[in-house]
Amino acid sequence: MKVVEEEQRVRVMDGPWSPEEVIREIVDGGVQEDPFYVMDLGEVVARYHQWRELMPRVEPFYAVKCNDDKLLVTTLAALGAGFDCASKAEIELITSMGVPPERVIFANPAKMASHIRYASAVGVDLMTFDSETELIKIKHYMPHARLVIRIRCDAADAQCPLGIKFGCDAVSEGPRLLKLAAVLGLDVVGVSFHVGSGAGECAVYARAVALSRALFAAGAAAGHRMALLDVGGGFAGGTGSDLHEVAGVINSALEQHFPDRSVRVIAEPGRYFAAAAYTLATMVHAKRELLGKEGDEESHTMYFINDGVYGSFNCVLYDHQNVRPRPLQARSDNLLPCSVWGPSCDGLDCVLPAASLPALAVGEWLVWRDMGAYTIPVASPFNGFPLPTVKAVVDRRLWSMLRELWPLSAAGLACEPPRSDIGATDVVSDGSDVVSDASDVVSDAHQLCAVFVECALK
Ligand SMILES: Cc1ncc(COP(=O)(O)O)c(C=O)c1O
């Protein structure tokens, strides 16, 4: 079994810490010039725990497209999550970590033939479809696949609507496709939907589950053994976002329409797991003062930072994210009008056209929270600017448990040397933590441990 890449570096911390403290400690040496992320492994674990607590019936299959950072997917694999993969490369990433193919859904309703052949070769047989052409293709390349029909049901408001591209109409197209699948001798096992990424409406899940119920009936009438409901993604992921309301809607819709526990329920959350775990640090490397002329726009400062819309901030263009910086050095100065630009020579490379920040000097750092979703996998080094690296940070107590979990292993994750000034623990690179106060670790960790072991043994 492969382990996470060797170059991934994990910083193990003692006691409380914040991304800002870690960033400050990294940039204080004055050597760091490139942008970087601080990734909070504990946030991922806490969110997994919260998900299982609030929706015990719904198994999360993390949507790899959202952020394919090895440490994130490895941690989720260790906790017992499944994975939503959209391509051959994503399936390869997940199965090569040792995740069994049964924990993968190939959730792209329009798949390339070679990708279907690859899925078949590695044993990933659960896949979505929403058209006749896809059924015929699957019949040709993987007739033994277990199929999930994707229906359309859009949230009234979503950051990134998906229904414009995928999902058949549950009433006018779904039943006919289910019959066609039966005629072709294909097995349809379930129904899926995606209400839109960053959905701003919770009630949509109730509508979609009700539509799925009707499709279960149509599938059974066509001779299929319908046993899987996939409630897709769309769950909020930013700091402080709350899963309670949407979990309540989903749980009661399941109780109403799918009381039979023999129906397996999965979901494909992406940003829920990724967004809040990543904080981006960028440096101001240049600035320009624009003096407003009479009748012209007001004077303002243009700040040039070392990451832009071709890098992490592609999320401003593609994911319609509302990004907000905070200066690393807190101060009470007046907020002044400014704009924030990426490093490339392209005029499109504008991160914030109109912002308000205290006066910043060249060399100062800006901190951007909630940057883990739909940023890293899309970023390109256009114009020769390096992409941010990821510096993962984990609490010592959590680390002592995580490193025991499959497929994480102490040997697979390199650890940074201790940084005494902000409470990093003594960790040596063979993974054998020097735990000085073992008794308190054991007692504090007792409750968490039960959860992790239970998750990991799934
Ligand atoms: C098929 C599918 N599943 C899941 C997701 C993840 O969605 P979210 O990040 O909104 O949870 C996406 C996102 O585009 C998707 O296309």
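The ligand sits in the largest pocket of this predicted model. That site is the natural place to begin.

Around the ligand there are 16 residues, and the closest of them are D84, S197, E268, G270 and Y374. By class, the residues of this shell divide into five nonpolar, six polar and five charged. Charged and polar residues are thus both represented beside the ligand, together with nonpolar ones.

Three polar contacts may be followed in turn. A nitrogen atom of the ligand has a polar side-chain atom of D84 at 2.9 Å. An oxygen atom of the ligand lies 2.5 Å from a polar side-chain atom of Y374. In the case of R271, the backbone provides the partner: one of its N or O atoms is placed 3.0 Å from an oxygen atom of the ligand. Each of these distances falls within the 3.5 Å cut-off that defines a polar contact between N or O atoms. On its own, the ligand has 400 Å² of accessible area, and the protein covers 93% of this.

Y374 also deserves attention for its backbone. This residue, one of the closest to the ligand, is found in the loop between β18 and β19. Most residues other than glycine have a negative phi. Y374, although it is not a glycine, has a positive phi of about 55°. D370 likewise is not a glycine and has a positive phi, of about 60°. The position of D370 is in the loop between β18, which spans residues 365-368, and β19, which spans residues 389-395.

Beyond the ligand site, the aromatic side chains offer a further view of the structure, which holds 13 aromatic pairs. One of the pairs can be examined through its geometry: the ring centres of W51 and F235 are 4.9 Å apart and the ring planes stand at 80°, so the arrangement is edge-to-face, given that planes over 60 degrees apart are counted in this class. Which parts of the chain does the pair of W51 and F235 tie together? W51 belongs to helix α2 (residues 41-54), whereas F235 lies in the loop between β11 (228-230) and α9 (244-257); the pair therefore ties together parts that are 184 residues apart in sequence.

Methods:
Residues are numbered from 1 along each chain as its sequence is written. This is a predicted model: local features need pLDDT of at least 70, side-chain atom pairs count only at pLDDT 80 or more; totals for chains, interfaces and linings use all residues. Side-chain values use heavy atoms; hydrogens and water are left out. A residue is near a molecule or strand if one of its heavy atoms lies within 4 Å of it. A polar contact is a pair of N or O atoms within 3.5 Å; within protein, one must be able to donate a hydrogen and the other to accept it, and residues adjacent in sequence count only if both atoms are side-chain atoms. Accessible areas come from the Shrake-Rupley method with a 1.4 Å probe; for residues, only the protein chains shown count as cover. On a 1 Å grid over the protein atoms alone, a cavity is a set of points where a 1.4 Å probe fits but cannot get out, and a pocket is an open set with protein on both sides within 12 Å along at least five of seven lines; lining residues have an atom within 4 Å of a point. A molecule sits in a cavity or pocket if more than half of its atoms lie within 2 Å of its grid points. Ala, Val, Leu, Ile, Met, Phe, Trp, Tyr, Cys and Pro count as nonpolar, Asp, Glu, Lys and Arg as charged, and the others, Gly among them, as polar. Rings of Phe, Tyr and Trp (its six-membered ring) pair if their centres lie within 6.5 Å; planes under 30 degrees apart count as stacked, over 60 as edge-to-face and the rest as tilted. Helices (H or I, at least four residues) and strands (E, at least two) are DSSP runs, numbered from the N terminus.
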